[in-house]
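Visitor: I would like to go through this model with you, one question at a time. Could you show me the sequence and the structure before we begin?

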Amino acid sequence: MTRKPARQLPDLPRRPIAGKVSLNRALSKLGFCSRKQAELMIVEGRVRVAGKVARDPSLRVDPERDRITVDGTQIAAERKVYLMLNKPRGLVTTRDDPEGRGTVYDCLADLDLPFVSPVGRLDKASEGLLLMTNDTRWANALLDPASHVAKTYHVQIASAPDETMLERFRQGAVVDGELLTASSIGLLRSGGRTAWLEIVLDEGRNRQIRRLLGAFDIEVLRLVRVAIGRLQLGDLAKGKARHLTAEELVMLAA
């Protein structure tokens, strides 16, 4: 992907990148590449700081003030990009998968974007709303447990639970010494041997919904994230991405 600014992006004020960080993190913050890719380029001697080759990824630099070049080209902070993607099932959220599996970056191949990263994760078997950005501060604010940004999922299970079972789900379960709960769990619809639940989380733990329901021997057939805060997935087509509007960014910040 090239590093051209996206014309569709709302005209938002740029946030300064303040303070010193490690060199590999600086390249990531500047929207050039991932930390792992930066580390490889640094070790290979392709990165210079103030004209001198820097081979230590942990070297402390100021991304706003220090002159950083890669292969002789100076790296400048990219315009911030904020995307929503309807992640298909079967894709992983890493940029490069050692097993050769498809990644969410395959969905962005035709877009002119700087380097962007997922805000949080959806596992390979999960689908739906995934945010991606090169604004690490914005991403960290959304992921901060103190922010309590609600995430809403529609979950198909291989069971038709009654109200008693739903209440057991709501009480949570201890899995591997960790109490797993949800903000709310409700029945959307039920038919035959399956049902759809709406589950809202305000924290992000690894495979939280699957582990919670698995504690009750409930198999998850599909898991679709349909909203983050008040931002809805809506009718965005599977595998497609679009830029967030200024109004949506304000809505997420609220």
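Visitor: In which helix is the place of Gln-171?

Guide: The model shown here is predicted, and the helices are numbered from the N terminus. The residues 163–171 form one of these helices, and the place of Gln-171 is in that helix, α4.

Visitor: Is Gln-171 buried or exposed, and how far is its C-alpha atom from that of Val-70?

Guide: A residue is called exposed when its relative accessible area is over 50%. Because the relative accessible area of Gln-171 is 56%, Gln-171 is exposed. Along the chain, Gln-171 and Val-70 are 101 residues apart, and the separation of their C-alpha atoms is 53 Å.

Visitor: Roughly what box do the C-alpha atoms of the chain fill, and how many helices and strands does the chain have?

Guide: Taken along the principal axes, the box filled by the C-alpha atoms is roughly 70 × 40 × 35 Å. The secondary structure of this chain comes to 6 helices and 17 strands.

Visitor: Where is Met-84 found, is this residue buried or exposed, and which residues is Met-84 in contact with outside its neighbours within four places in sequence?

Guide: Met-84 is found in strand β7, which covers residues 82–87. Its relative accessible area is 0%, so Met-84 is buried. Leaving aside neighbours within four places in sequence, the contacts of Met-84 include Leu-129, Leu-130 and Leu-131, and also Leu-231, Gln-232, Leu-233, Leu-236, Lys-240, Ala-241, Arg-242 and Leu-244.

Visitor: How far apart in space are Met-84 and Leu-233, C-alpha to C-alpha?

Guide: In sequence, Met-84 and Leu-233 are 149 residues apart. Leu-233 is nevertheless among the residues in contact with Met-84, and the C-alpha to C-alpha distance between Met-84 and Leu-233 is 8.1 Å.

Visitor: Leu-236 is also in contact with Met-84; where does Leu-236 lie, and does it count as buried or exposed?

Guide: Leu-236 lies in the loop between β16 (231–232) and β17 (241–243). Leaving aside neighbours within four places in sequence, Leu-236 is in contact with Met-84, Leu-85, Asn-86 and Arg-242, and Leu-85 is 151 residues away in sequence but 7.9 Å away in space, C-alpha to C-alpha. The cut-off for a buried residue is a relative accessible area under 20%, and because Leu-236 has 14% relative accessibility, Leu-236 counts as buried.

Visitor: Among contacts in the chain between residues at least 6 apart in sequence, what percentage join residues at least 24 apart?

Guide: The pair Leu-236 and Leu-85, 151 residues apart in sequence, is in contact. Across the chain, among contacts between residues at least 6 apart in sequence, the share that joins residues at least 24 apart is 67%.

Visitor: What is the volume of the largest pocket, and which residues of its lining are the closest to its centre?

Guide: The volume of the largest pocket is about 640 Å³. The lining of this pocket is made up of 26 residues, and the closest to its centre are Ser-34, Phe-115, Ser-117, Pro-118 and Arg-121.

Visitor: In which loop does Asp-217 lie, what is the sign of its phi, and is it buried or exposed?

Guide: Asp-217 lies in the loop between α5 (208–214) and β15 (220–228). Although Asp-217 is not a glycine, its phi is positive, at about 60 degrees. Its relative accessible area is 73%, so Asp-217 is exposed.

Terms used. Residues numbered from 1 in each chain as written. Predicted model: local features only at pLDDT ≥ 70, side-chain atom pairs only at ≥ 80, totals over all residues. Heavy atoms only, no water. Helix = DSSP H or I, 4+ residues; strand = E, 2+ residues; numbered from the N terminus. Contact = heavy atoms within 4.5 Å. 1 Å grid on protein atoms, 1.4 Å probe; cavity = no way out; pocket = protein on both sides within 12 Å on 5 of 7 lines; lining within 4 Å. Points joined across faces, edges and corners; volume = space filled by probe spheres on them. Buried < 20%, exposed > 50% of the residue type's maximum accessible area, 1.4 Å probe, protein only.
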